[in-house]
Amino acid sequence: MLRPFETKGLVLYNRNFREEDKLVKIFTEQAGKRMFFVKHAANSRLASVIQPLIVADLLVKINDEGLSYIEDYHSVATFPKINQDLFKLAHATYIAALADASIHDNQIDPALFAFLSKTLDLMEKGLDEAILTNIFEIQILSRFGVSLNFHDCVFCHRVGQPFDFSFRYNGVICPEHYGKDSHRCHLDPNVPYLLNQFQAVRFEDLETISLHDEMKAKLRQFIDQLYEEYVGIHLKPKKFLDSLQDWGQILKKNEEQNETNSH
């Protein structure tokens, strides 16, 4: 049975279906993730609102047993700065895919919808896309059933120490207890410190966060380890993001070399 109602929605992706139609995956605020059928998509009046990373107020008919339908729309919002910057777009596409992977279809999760939307808004405003992505990754771990302790030593519960992380104990250990795990990660202590901050950071604090490239690289490497160990998903947008960052490093080295040669 089709249920009509209005909801805000964020387009995750679309794909071709038959010759002229499309299937559009939309994360809706009030009905969770749903697959929508759009007939004759290229010539449809809906063509402009079924592109990835479009946010709109939608009048929809929800089908709990199959494909749903878009009846009408208004208040369309896009992310022009994200779409004009390949690095921002790669990060935005990845966190959208991560949100998609973190909950089941039809599962209503307005908090996650708000978190994803706000993260994209901040990315559009020019905040560091790499840091925003890291924060999103850490805070969404709970949707995958993962709870990690970056706040206090798992043995003595002391805080404010130069912690290291232990996969064996699923949390941080202080210098007095480094010996409990001979395979501890040997992290820069700033990494678990920052991840502890990221777990509870408020949006209004984000404009004050600034990290140098070396620290961002350390965070990226360790968060990848966490996801490999605890989540185990391998998303295509993440692979593209990784390859793009590799190219970015090559371009940066070439620019630095050219500057050195010019002097």
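This is a dialogue on how to read the predicted model shown above.

Trainee: Where should I begin, and how many helices and strands does the protein chain have?

Mentor: It helps to take stock of the whole before turning to any part. In this predicted model, the protein chain has seven helices and seven strands, and from the N terminus on its elements run β-β-β-β-β-α-α-α-α-β-β-α-α-α. The C-alpha atoms fill a box of roughly 65 × 55 × 35 Å along the principal axes, and of the 263 residues, 45% count as buried.

Trainee: Which residues does UniProt list for a domain in this chain?

Mentor: A record gives a name and a range, and the model can then be examined over that range. UniProt, in an unreviewed entry, lists residues 5–79 for "domain: DNA replication/recombination mediator RecO N-terminal". Over residues 5–79 the chain is 0% helix and 61% strand, with the end C-alpha atoms 25 Å apart.

Trainee: In what order do the strands of the open sheet lie?

Mentor: The order across a sheet has to be read separately from the order along the chain. Here five strands form an open sheet in the order β3-β2-β1-β4-β5, and their pairing is antiparallel. Since β3 (32–38) and β5 (69–77) stand at the edges and have a single partner strand each, one side of each is left without a neighbour in the sheet. Neighbouring strands of this sheet are turned by 40 degrees against each other on average, with direction ignored.

Trainee: How many bridges join β1 and β2, and how many residues lie between these two strands?

Mentor: For a pair of strands, look at the bridges and then at the connection. Strand β1 (residues 2–17) pairs with strand β2 (residues 21–28) in the antiparallel sense over eight bridges, and Phe17 stands opposite Asp21 in β2. The two strands form a hairpin with three residues between them, and Arg18 in the turn has a positive phi of about 60 degrees. On the next connection, β2 and β3 also pair in the antiparallel sense, over seven bridges, and they form a hairpin with three residues between them, where Thr28 stands opposite Gly32 in β3.

Trainee: Are the residues of β2 buried or exposed?

Mentor: A strand can be read by asking which way its residues point and whether they are covered. In β2, Asp21, Leu23, Lys25 and Phe27 point one way, while Lys22, Val24, Ile26 and Thr28 point the other way, and all are buried. The strand is thus mostly covered, with eight of its eight residues buried. Helix α3 (residues 110–124) lies across β1 and β2, running at about 55 degrees to β1.

Trainee: Which side chain forms a polar contact with that of Arg34?

Mentor: For a single residue, it is useful to combine its place, its accessibility and its contacts. Arg34 lies in strand β3 and counts as buried because its relative accessible area is 5%, under the 20% cut-off. A polar contact of 2.9 Å joins the side chains of Arg34 and Asp64. Leaving aside residues up to four places away in sequence, Arg34 touches several others, among them Arg3, Val24, Ile62, Ser68 and Asn106.

Trainee: Why does Ala92 count as buried, and which residues does Ala92 touch?

Mentor: The same approach applies in a helix. Ala92 is found in helix α2 (residues 86–102), and Ala92 counts as buried because its relative accessibility is 0%. Not counting residues up to four places away in sequence, Ala92 touches Leu53, Ile82, Leu120 and Met123.

Trainee: What should I look for in a helix such as α6, and which of its residues are buried?

Mentor: An α-helix has 3.6 residues a turn, so residues three or four places apart point the same way. In α6, the buried residues are Met215, Lys216, Leu219, Arg220, Phe222, Ile223, Leu226, Tyr227 and Val231. Helix α6 (residues 213–231) has 19 residues and reaches 26 Å from its first C-alpha to its last, close to the 27 Å expected at 1.5 Å a residue. After α6 comes Gly232, whose phi is positive, near 75 degrees.

How values were computed
Residues are numbered from 1 along each chain as its sequence is written. This is a predicted model: local features need pLDDT of at least 70, side-chain atom pairs count only at pLDDT 80 or more; totals for chains, interfaces and linings use all residues. Side-chain values use heavy atoms; hydrogens and water are left out. UniProt positions are given in the numbering used here, feature names are shortened, and annotations may be inferred rather than shown by experiment. Helices (H or I, at least four residues) and strands (E, at least two) are DSSP runs, numbered from the N terminus. Two strands pair if DSSP finds at least two bridges between them. Axes are lines fitted to C-alpha atoms, for helices over the stretch in contact, and angles run from 0 to 180 degrees between N-to-C directions. Contact means heavy atoms within 4.5 Å. Buried means under 20% relative accessible area, exposed over 50%, partly exposed in between (1.4 Å probe, protein chains only). A polar contact is a pair of N or O atoms within 3.5 Å; within protein, one must be able to donate a hydrogen and the other to accept it, and residues adjacent in sequence count only if both atoms are side-chain atoms. The expected span of a helix is 1.5 Å times one less than its number of residues.
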